[in-house]
Amino acid sequence: AEYMGKLIFATKMFKFGKFIVKETQIFSTNSIVTCFVNIKPVTPGHVLVSPSRVVQRYSDLTQTEVQHLWVTAKKVGKALQDYYKADSSIYGIQDGESSGQSVPHVHLHIIPKTKNFGKKGESLDASARCGRTEKEMEMEAKIY
């Protein structure tokens, strides 16, 4: 697979909490972080960056994982803003069930946004969004 003109290592699958993210939904991965498309995106380009090992809470990440998570998020966020011609982005982590964390595995949401956000029914509430097919997710992952 290729990401921003560079070859990347892709794995057969990624354990995300109790879920398995298929290789076709991953657009960048290494031994520390994995980047993949979101099943219920808020906007086009809404992706997730997660530590490659299963870690439930942010405070349990190693310093190396924290550094790689944010450095990767910065690079991915910039690429998404450029690709989608977004004028801003949301970078967010829901840490723990009461915060709205739906999968007990740390993950950082990157949501590219424009001034028109919300005019087409977009919502930050995951329960208000429809899921996508595996084929739709695979097609998006190939873009990146």
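Partly exposed here means a relative accessible area between under 20%, which is buried, and over 50%, which is exposed. With that in hand, welcome to a short tour of the salt bridges in this predicted model. The count comes to 5 salt bridges, and three pairs are described below, including K22 with E134.

**A link between strand β4 and helix α2**
- K22 and E134 form a salt bridge, with their closest N and O atoms 2.6 Å apart.
- Because K22 belongs to strand β4 (residues 19-22) and E134 to helix α2 (residues 134-143), this pair ties together parts that are 112 residues apart in sequence.
- K22 has a relative accessibility of 37%, so K22 counts as partly exposed.
- E134 also counts as partly exposed, because its relative accessibility is 45%.

**A link between helix α1 and the loop before it**
- E65 and R53 meet through their side chains in a salt bridge, at 2.5 Å from N to O.
- E65 sits in helix α1 (residues 63-84), while R53 sits in the loop between β7 (47-51) and α1; the two are 12 residues apart, and the pair links distant parts of the chain.
- E65 is at 7% relative accessibility and therefore counts as buried.
- R53, at 39% relative accessibility, counts as partly exposed.

**A pair within helix α1**
- The side chains of K78 and D82 are joined by a salt bridge, with 2.9 Å from N to O.
- Both K78 and D82 lie in helix α1, and their spacing of 4 residues is about one turn of the helix.
- D82 has a relative accessible area of 45%, so D82 is partly exposed.

Notes:
Residues numbered from 1 in each chain as written. Predicted model: local features only at pLDDT ≥ 70, side-chain atom pairs only at ≥ 80, totals over all residues. Heavy atoms only, no water. Salt bridge = Lys/Arg side-chain N within 4 Å of Asp/Glu carboxyl O. Buried < 20%, exposed > 50% of the residue type's maximum accessible area, 1.4 Å probe, protein only.
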